[in-house]
Amino acid sequence: MQDIRDLKLILYGEEWGPGGQKPRNYYNKILKENKAIFPIDSRSWINELENFDYSIGTRLHGTIASLNARIPSTLVVHDSRTQEIADHHKIPYIKIEDISKDTSLKEVANNTNWEAFNNSSEKKL
């Protein structure tokens, strides 16, 4: 969900689209089935993340929110900009090229080094 149109669809069931475009209802369906959440601010996002044991993903802000929720998190670095930010802030990460179709989530979690982040997090959080 990337924009206000998606939010309106989720919250109000509004249809939209030029020229009779079919209604967008995919997100509404996954929300009704409790397969996704759509927090409307950072506090509700972090509160929801506190219900999880681990977070992994390519989205920097998602990883930061997870770390703010104080859950172990691994950023999947996919470009030099993301790696530079992760290095600077000591955000735990794995390079995307180090992940194969045989890599398990458990393997990523067990091989993620949180030591540098943990040692510096008291100053950040």
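Start with the whole chain: of its 125 residues, 29% count as buried, meaning under 20% relative accessible area with a 1.4 Å probe and protein chains only, where over 50% is exposed and in between is partly exposed. This is a predicted model, in which local features need pLDDT of at least 70 and side-chain atom pairs count only at pLDDT 80 or more, while totals for chains, interfaces and linings use all residues. Residues are numbered from 1 along each chain as its sequence is written, and side-chain values use heavy atoms, leaving out hydrogens and water.

Now colour by secondary structure. You should find seven helices and three strands, taken as DSSP runs (helices H or I, at least four residues; strands E, at least two) numbered from the N terminus. Along the sequence they follow the pattern α-α-α-β-α-β-α-β-α-α.

Next, select Thr74 in strand β2, residues 73-77. Thr74 is buried, with a relative accessible area of 0%. Show what surrounds it: beyond its neighbours within four places in sequence, Thr74 is in contact (heavy atoms within 4.5 Å) with residues including Tyr54, Thr63, Tyr93, Val108 and Trp114.

Keep Tyr54 and Trp114 selected for the last stop. The chain has one aromatic pair, counted for rings of Phe, Tyr and Trp (its six-membered ring) with centres within 6.5 Å; planes under 30 degrees apart are stacked, over 60 edge-to-face and the rest tilted. The ring centres of Tyr54 and Trp114 are 6.3 Å apart and their planes stand at 85°, so this pair is edge-to-face. It links distant parts of the chain, 60 residues apart: Tyr54 sits in the loop between α3 (42-49) and β1 (55-57), and Trp114 in the loop between α6 (105-111) and α7 (115-124).
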